[in-house]
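Here are a few exercises to work through with the model open on your screen. Try each task before you read its solution.

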Amino acid sequence: MNNNRQLLESLRFDYEASRIGNSLAIHANCFEWLARLPEDCLHAIVTDPPYGVKEYDVNQLAKRANGNGGIWRIPPSFDGHVRSPLPRFTALDHDERRRLYNFFVTWAKLVRRALLPGGHVFIATNAFIAQLLYDALVDGGLEFRGQVIRLVRTLRGGDRPKNAEEEFPGVSSMPRGCYEPWGIFRKSLPTKMTVGECLRRYATGGLRRTQDDKPFADLIPSERTPKKERLIATHPSLKPQDFLRKLVYASLPLGKGTVLDPFMGSGSTVAAAEALEISCIGVERHREYFEISLKAIPKLAAIVVPQAGALLPTCGASSDETWGLLRRRSNPQCC
Ligand SMILES: C[S@@+](CC[C@H](N)C(=O)[O-])C[C@H]1O[C@@H](n2cnc3c(N)ncnc32)[C@H](O)[C@@H]1O
């Protein structure tokens, strides 16, 4: 842990940053920050990037805030409930898709340099953008290792053809999205190095099995981010603790090392790591979200997540109890 602390301190550089438990939140543009990292210093990345790249541009956020939309689709309210705006990725034109591709090629090159050999990347996407994102990450030098399917009913797709709804009532232009894909990538192992050797040398290369000795599985039943989490962190793309804790846990095969979320938002990945007593660095470019994260991370980390006991130390407690135990400064006797 001391090595991790030293590493965290050395990676602040001259940015505004705040220590939270075992972790560090940094206010920076991750491209600039990643370019300053020494080679081979991070063990894993778990992140939810700006899929459409431009939805977190200042002008697009202003349009979202004043209800004008832009790339943010304002869904109609129903049953008296006003739904949150969603980014409209189908509206990306050829040049914007090119911009997205270039963004992720550049990002993958920086990430590849900073990761230890065998280090894994879990990256959120959506069914519409996944193919473009995966091509870019491979072209940037990462190995494609599969996908995690987060089973969750989204509000995407399923609509009848626009302006022809009555003419074609039996048609949807796209499937209704019932899952969220997360790409799994890895920095390749040195030639001829086996996973065993990589684990010994770098503590990377594989994925951690669950506490009840099951392999990490790539299909994860999930839910919309619970309201109590959304009330803590008012970010439009907040991911649930239950799901993120599974990814963060799996990302360090020996439970040792440092995880990075370079698109931290309000800090849900850092909070998941904190709940697991794992050291994490979160980087966020927008001051508002960075400030939200400083308050949200300890509160999200303290949330007891039900039905996830399979990951956790078997201390003779029920799964709900074990999640509670896993919060920071948890039962010191526990495994
Ligand atoms: C999809 S959101 C992540 C939200 C996060 N999953 C959460 O639960 O709060 C992507 C975040 O990346 C940030 N971002 C976009 N470009 C960035 C960059 N170049 N460097 C750092 N952060 C960036 C955006 O401001 C946004 O908060």
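**Exercise 1. Work out how covered strand S3 (residues 42–47) is, and which strands it pairs with.**

Step 1. Start with burial: six of the six residues of S3 are buried, leaving the strand mostly covered. Buried here means 20 or more other C-beta atoms within 10 Å of the residue's own; exposed means 12 or fewer, partly exposed is in between, and C-beta atoms are placed from the backbone. Strands (E, at least two residues) and helices (H or I, at least four) are DSSP runs, numbered from the N terminus.

Step 2. Keep in mind that this is a predicted model, where local features need pLDDT of at least 70, side-chain atom pairs count only at pLDDT 80 or more, and totals for chains, interfaces and linings use all residues. Residue numbers start from 1 along each chain as its sequence is written.

Step 3. Now the pairing, which takes at least two DSSP bridges between two strands. S3 runs parallel to strand S6 (residues 115–124), with five bridges joining them. Strand S10 (residues 258–261) also pairs with S3 in the parallel sense, over two bridges.

Step 4. Zoom in on Ile-45: its bridge partner in S6 is Val-121, and in S10 it is Leu-260.

**Exercise 2. Decide whether helices H8 (residues 241–251) and H9 (268–275) are enclosed or open, then follow Val-248.**

Step 1. For H8, eleven of the eleven residues are buried, so this helix is largely enclosed by the rest of the structure. Charged residues are on that list too, including Asp-242, Arg-245 and Lys-246.

Step 2. H9 is also largely enclosed, because eight of its eight residues are buried. Among them are Ser-268, Val-270 and Glu-274.

Step 3. Take Val-248 in H8, which is buried. Setting aside neighbours within four places in sequence, Val-248 is in contact (C-beta atoms, placed from the backbone, within 7 Å) with residues including Val-46, Val-259, Thr-269, Ala-272 and Ala-273.

Step 4. Place that residue in the largest nonpolar core, a set of buried Ala, Val, Leu, Ile, Met, Phe, Trp, Tyr and Cys residues joined through C-beta atoms within 7 Å. This core has 71 residues, and Val-111, Val-248 and Val-259 touch the most other members.

**Exercise 3. Find what is unusual about the backbone at Glu-277, and say how exposed the residue is.**

Step 1. Recall the background: most residues other than glycine have a negative phi.

Step 2. Glu-277 has a positive phi, near 60°. You'll find Glu-277 in the loop between H9 and strand S11 (279–284).

Step 3. Glu-277 counts as partly exposed because it has 16 C-beta neighbours inside 10 Å.

Step 4. Ala-203 also has a positive phi near 60°, in the loop between helix H6 (195–202) and strand S9 (219–221). Ala-203 is partly exposed, with 19 other C-beta atoms within 10 Å.

**Exercise 4. Describe the residues that surround the ligand.**

Step 1. The ligand is surrounded by 21 residues (C-beta atom, placed from the backbone, within 6 Å), and the closest are Asp-48, Ser-237, Phe-263, Gly-265 and Ser-268.

Step 2. Sort the shell by type: ten are nonpolar (Ala, Val, Leu, Ile, Met, Phe, Trp, Tyr, Cys, Pro), four are charged (Asp, Glu, Lys, Arg), and seven are polar (the others, Gly among them).

Step 3. Helix H2 (30–36) and strand S11 each supply at least two residues of that shell.

Terms used:
Contact = placed C-beta atoms within 7 Å.
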